[in-house]
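The following report concerns the strand pairing and helix packing of a two-chain model. Please read it alongside the sequence and the coordinates.

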Number of protein chains: 2
Amino acid sequence: MACQNCDFLGKGDIIYNSRLWQIALAPEQSYLGRCYVTLKRHTGDLADLSSDEILDFKELAENLENALKKSFNATMFNWSCLMNDAYQKKKPEPHVHWHFRPRYKEKVSFAGRIFEDSEFGHHYSRDRKIIVPKYVQKKIAGRIRKFYDKD
Amino acid sequence: MACQNCDFLGKGDIIYNSRLWQIALAPEQSYLGRCYVTLKRHTGDLADLSSDEILDFKELAENLENALKKSFNATMFNWSCLMNDAYQKKKPEPHVHWHFRPRYKEKVSFAGRIFEDSEFGHHYSRDRKIIVPKYVQKKIAGRIRKFYDKD
């Protein structure tokens, strides 16, 4: 799936497609289970969401948080809707998407790696970037999908 | 207004009280018009919001963004729901609140000051902290309230 206006959909391992949103794992996994939650319709402002879209987001946020608690014992979650990068262009084409970062009080061992949230209790770091190999991305996405309750 | 569990409500100049949320200006104004949007009920997880609460938030986000466009010609907006600080305590008592940061392509002159978003098009800075004097906070809040459509 792609967006006709920009390149925001169709990247990364898909966790779940609802009717209105797509959840995909980010390749950058400094916070284990980091995902993008992207609106399928092209619009550039959170305030432009329909009631259907914001209600569907709420349900999906609940399911995603639960899946991360079950998958990796995530403690809590950071959600942000920023869209700054789009405004570096002369003709900005922002596309509503959420950055979802699970945060962890404890270290997690998974796929032969240790994931540690060394900033737990503080704002997420943007300096620490951990792009994990494709096969690790697939394993992480597979585990989250397994616990993602679609009903 | 205060929260019975924590100290999250009742700080800063109030922009608007809806039935379910409170908007208050943050004293830190490195992004002119920065506000906290705080749930009146005490709960610590975005996923715990009721349908009423998320729909009311959506309406209020729309009104607040419009007010900032009219007040200071804001270009776009960053929204984040983090709640990290609460987890520095042994018994965390997170309280759902949004960080609202208007972002500006152009400088704004107001109350005898120049407000400049030198990171426009990029993630907000957390190093640059501009706590403005109380009388400036009051002027900023007054201007936003004037343009905040309550109907």
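Trp79(A) has Cys81(B) of S4(B) as its bridge partner. The strands concerned, S4(A) and S4(B), pair in the antiparallel sense over three bridges. Two strands are taken to pair if DSSP finds at least two bridges between them, and both strands (E, at least two residues) and helices (H or I, at least four residues) are DSSP runs numbered from the N terminus.

The model is predicted: local features need pLDDT of at least 70 and side-chain atom pairs count only at pLDDT 80 or more, while totals for chains, interfaces and linings use all residues. Residues are numbered from 1 along each chain as its sequence is written, chains are lettered from A and ligands numbered from 1 in the order in which they are written, and side-chain values use heavy atoms, with hydrogens and water left out.

**The sheet**

The pairing of S4(A) with S4(B) belongs to an open sheet of ten strands, ordered S1(A)-S2(A)-S3(A)-S5(A)-S4(A)-S4(B)-S5(B)-S3(B)-S2(B)-S1(B), with antiparallel pairing. S1 of chain A (14–17) and S1 of chain B stand at the edges with a single partner strand each, so one side of each has no neighbour in the sheet. From one strand to the next the twist averages 15°.

Bridge counts and one bridged residue pair are listed below for several of the antiparallel strand pairs.

| Strand pair | Bridges | Residue pair |
|---|---|---|
| S1(B) and S2(B) | three bridges | Tyr16(B) and Ile23(B) |
| S2(B) and S3(B) | five bridges | Trp21(B) and Leu39(B) |
| S4(B) and S5(B) | five bridges | Ser80(B) and His99(B) |
| S3(A) and S5(A) | four bridges | Cys35(A) and Phe100(A) |

In chain B, the connection from S1(B) to S2(B) is a hairpin through three residues.

**Burial of two strands in chain B**

Burial is assigned by relative accessible area: buried means under 20%, exposed over 50%, and partly exposed in between (1.4 Å probe, protein chains only). In a regular strand the side chains alternate between the two faces of the sheet. Strand S4(B), residues 76–81, is mostly covered, six of its six residues being buried. Met76(B), Asn78(B) and Ser80(B) point one way from S4(B), whereas Phe77(B), Trp79(B) and Cys81(B) point the other way, and all are buried.

S2(B), residues 21–25, is likewise mostly covered, with five of its five residues buried. One side of S2(B) carries Trp21(B), Ile23(B) and Leu25(B), the other Gln22(B) and Ala24(B), and both faces are covered.

**Helix packing**

Axes are lines fitted to C-alpha atoms, for helices over the stretch in contact, and angles run from 0 to 180 degrees between N-to-C directions. Contact means heavy atoms within 4.5 Å. On the chain A side, H1(A) packs on the sheet, touching S2, S3, S4 and S5 of chain A, and its direction makes about 145° with that of S4(A).

Across the two chains, the axes of H1(A) and H1(B), each covering residues 51–72, come within 10 Å and cross at roughly 130°. That angle makes H1(A) oblique to H1(B); angles under 35 degrees count as roughly parallel, over 145 as roughly antiparallel, 65 to 115 as roughly perpendicular and the rest as oblique. The crossing of H1(A) and H1(B) is right-handed, a term used if the near helix is turned clockwise from the far one by less than a right angle, with anticlockwise giving left-handed. Ser51(A), Ile54(A), Leu55(A) and Lys58(A) meet Ser51(B), Ile54(B), Leu55(B) and Lys58(B) there. By class, this contact has four nonpolar, two polar and two charged residues; Ala, Val, Leu, Ile, Met, Phe, Trp, Tyr, Cys and Pro count as nonpolar, Asp, Glu, Lys and Arg as charged, and the others, Gly among them, as polar.

Within chain B, H1(B) packs against H2(B), residues 134–147, at an angle of about 115°, with the axes 8 Å apart. H1(B) passes H2(B) in a right-handed crossing. From H1(B), Leu64(B), Ala67(B), Leu68(B), Lys70(B), Ser71(B) and Phe72(B) meet Ile140(B), Arg143(B), Ile144(B) and Phe147(B) of H2(B). The residues of this contact divide into seven nonpolar, one polar and two charged.

**Backbone at Asn73**

Most residues other than glycine have a negative phi. Asn73(A), not a glycine, has a positive phi of about 60° and lies in the loop between H1 and S4 of chain A. Asn73(A) is exposed, with a relative accessible area of 57%. Asn73(B) also has a positive phi of about 60° and is placed in the loop between H1 and S4 of chain B. At 58% relative accessibility, Asn73(B) counts as exposed.
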